[in-house]
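Here's a quick tour of one model, written for someone who'd rather poke at the coordinates than read a long summary. Have the viewer open and follow along.

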Amino acid sequence: MSPISPKPDPQVTAQAVARLPAARSRSSAALPDGPTDGQIAPALLAWYDRHARVLPWRVGPADRAAGVKPDPYLVWLSEIMLQQTTVQAVKTYFEAFSRRWPTVEALAAAETEDVMKAWAGLGYYSRARNLKKCADTVANELGGRFPQTEDGLRALPGIGPYTAAAIAAIAFDVPAAVVDGNIERVFTRLHEIGTPLPSAKGEIRAHVARATPGERPGDFAQALMDLGSSICTPKRPACALCPLDGPCAARAEGRQEEFPVKPAKKAKPVRRGAAFVAERDDGAVLLVKRQDKGLLGGMTGLPTSNWTVRGDGATGPGAAPFAAAWRAKGVVSHVFTHFELRLEVFHAVVTGDSDHPGWWSARDSIAGEALPTVMKKALAAALPDLF
């Protein structure tokens with residue numbers, strides 16, 4: 001780990017940054033050196049040293065300055081969980097995973113079904129499948145050691161450009177340009193970038209690359225994330241408290257909330273289908289394992305009609321997997337990234353086992369099944385007292 005430089009005086013650095021001229025919007029075709037890019041790190045790091053969030057996967061700035069190094073496994077685990085999910089939602093899952101599987105070798109040795117059960121409710125289930133594949137690769141092919149370069153990390157299952165940069169910077173202090181949604185917001189405001197997202201991503205990344213310091217790049221990336229989360233928020237940013245208030249072009253013109261510029265939202269298509277809650281005399285419920293590929297792949301679910309991301313499934317009691325006295329229990333809706341799913345829910349009490357593939361899960365065992373949220377909604381519609 002690189003030696004830690006003496007901490008800059010927060011008042012001096014804040015005043016120095018405040019004297020910088022505001023940047024003007026510029027195109028990615030010709031991107032000259034911005035007046036703030038190479039100079040924002042001292043003020044931002046001084047702010048981070050005082051205000052860093054305490055997170056279960058983070059080594060704080062004081063500990064890092066004392067020589068404590070982050071565990072690459074925990075950094076990777078947190079970054080995979082944080083993809084398209086809030087910090088607040090991830091905390092409980094991260095703590096449970098890291099207690100149960102404290103090392104990458106332990107996770108690699110786990111049963112895939114157990115990992116999927118532990119992930120249930122966190123969403124985006126392809127991440128859980130890739131999490132297990134990545135753990136297997138690191139433990140069995142790389143001797144339990146994560147690569148320390150962006151290219152090496154990107155070669156692993158489930159790790160894309162952002163995640164590779166984040167792990168490289170936070171775990172190994174590589175000066176990688178880390179750009180998430182919070183950081184996009186900070187830099188589009190700093191430079192008043194009028195290009196809509198996602199077209200502006202290359203321009204933003206160029207600014208972040210220039211701003212990333214050679215020392216403490218991991219703290220710098222996390223400082224930007226914290227700034228976007230707590231100060232440079234989408235609405236009503238607390239600019240008076242921001243360490244980068246002076247050089248911010250959007251702030252100078254009172255246009256903070258206009259950035260980042262986003263294209264008009266397209267209406268999400270609605271897909272329809274049916275879900276069937278078969279209850280046995282003893283209260284057990286029939287569950288099935290979904291196919292490994294596709295949305296909710298490998299997860300536990302209810303028997304449903306064959307809806308997909310691109311098309312509707314059959315609806316009505318006639319779509320049931322077997323004959324029974326099916327009764328309608330309403331419609332549940334669940335919004336995925338690219339579409340909304342509306343499932344008609346039917347319930348029937350059956351005697352004995354059906355010939356439908358699956359298994360009967362006792363009522364007191366259902367909470368431990370790898371059920372995605374949409375299936376829990378369907379179960380709750382048919383059996384309101386289940387959860």
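## Helix α5

Let's start with α5, which covers residues 87-100. This helix has 14 residues and spans 20 Å from its first C-alpha to its last, close to the 20 Å expected at 1.5 Å a residue. Bear in mind that this is a predicted model.

Which residues of α5 are buried? They are Val90, Phe94, Phe97 and Ser98. The buried residues of α5 pack against three other helices: α4 (72-82), α7 (112-119) and α8 (126-141).

## Tryptophan 119

One of those partners, α7, holds tryptophan 119. Is tryptophan 119 buried or exposed? Its relative accessible area is 0%, and buried means under 20%, so it counts as buried.

Set aside the neighbours within four places in sequence, and tryptophan 119 is in contact with Ile80, Met81, Tyr93, Phe97, Tyr124, Tyr125, Arg127, Ala128 and Leu131. Phe97 in that list is also one of the buried residues of α5. On the polar side, the side chain of tryptophan 119 reaches the backbone oxygen of glycine 123 at 2.9 Å. There's a long-range pairing to look at too: proline 372 is 253 residues away from tryptophan 119 in sequence, yet their C-alphas are 8.9 Å apart in space.

## Confidence

How much of the chain can you lean on? The average pLDDT is 89, and 90% of the residues score at least 70. Residues 1-35 are another story, with pLDDT below 50. In the model, that stretch still has 65 contacts beyond its near neighbours in sequence.

## The cavity

Searching the whole structure for cavities of 30 Å³ or more turns up 1. The largest cavity holds about 120 Å³ of space. Its lining is made of 15 residues, and those nearest the centre are Cys232, Cys239, Cys242, Leu244 and Cys248. Helix α11 (residues 181-190) gives the most to this lining, with 3 residues.

## The pocket

For the largest pocket, the volume is about 1,500 Å³. It's lined by 49 residues, with Asp180, Gly181, Asn182, Glu184 and Lys201 closest to its centre.

Which elements give two or more residues to that pocket lining? They are α4, α9 (150-154), α10 (161-172), α11, α12 (201-211) and α13 (217-230). Helix α11 again gives the most, this time with 5 residues. And α4, on the list here, is also a packing partner for the buried residues of α5.

Note on methods
Residues numbered from 1 in each chain as written. Predicted model: local features only at pLDDT ≥ 70, side-chain atom pairs only at ≥ 80, totals over all residues. Heavy atoms only, no water. Helix = DSSP H or I, 4+ residues; strand = E, 2+ residues; numbered from the N terminus. Expected span 1.5 Å × (residues − 1). Buried < 20%, exposed > 50% of the residue type's maximum accessible area, 1.4 Å probe, protein only. Contact = heavy atoms within 4.5 Å. Polar contact = N/O pair within 3.5 Å; in protein donor to acceptor, adjacent residues only side chain to side chain. pLDDT = per-residue confidence, 0-100. 1 Å grid on protein atoms, 1.4 Å probe; cavity = no way out; pocket = protein on both sides within 12 Å on 5 of 7 lines; lining within 4 Å. Points joined across faces, edges and corners; volume = space filled by probe spheres on them.
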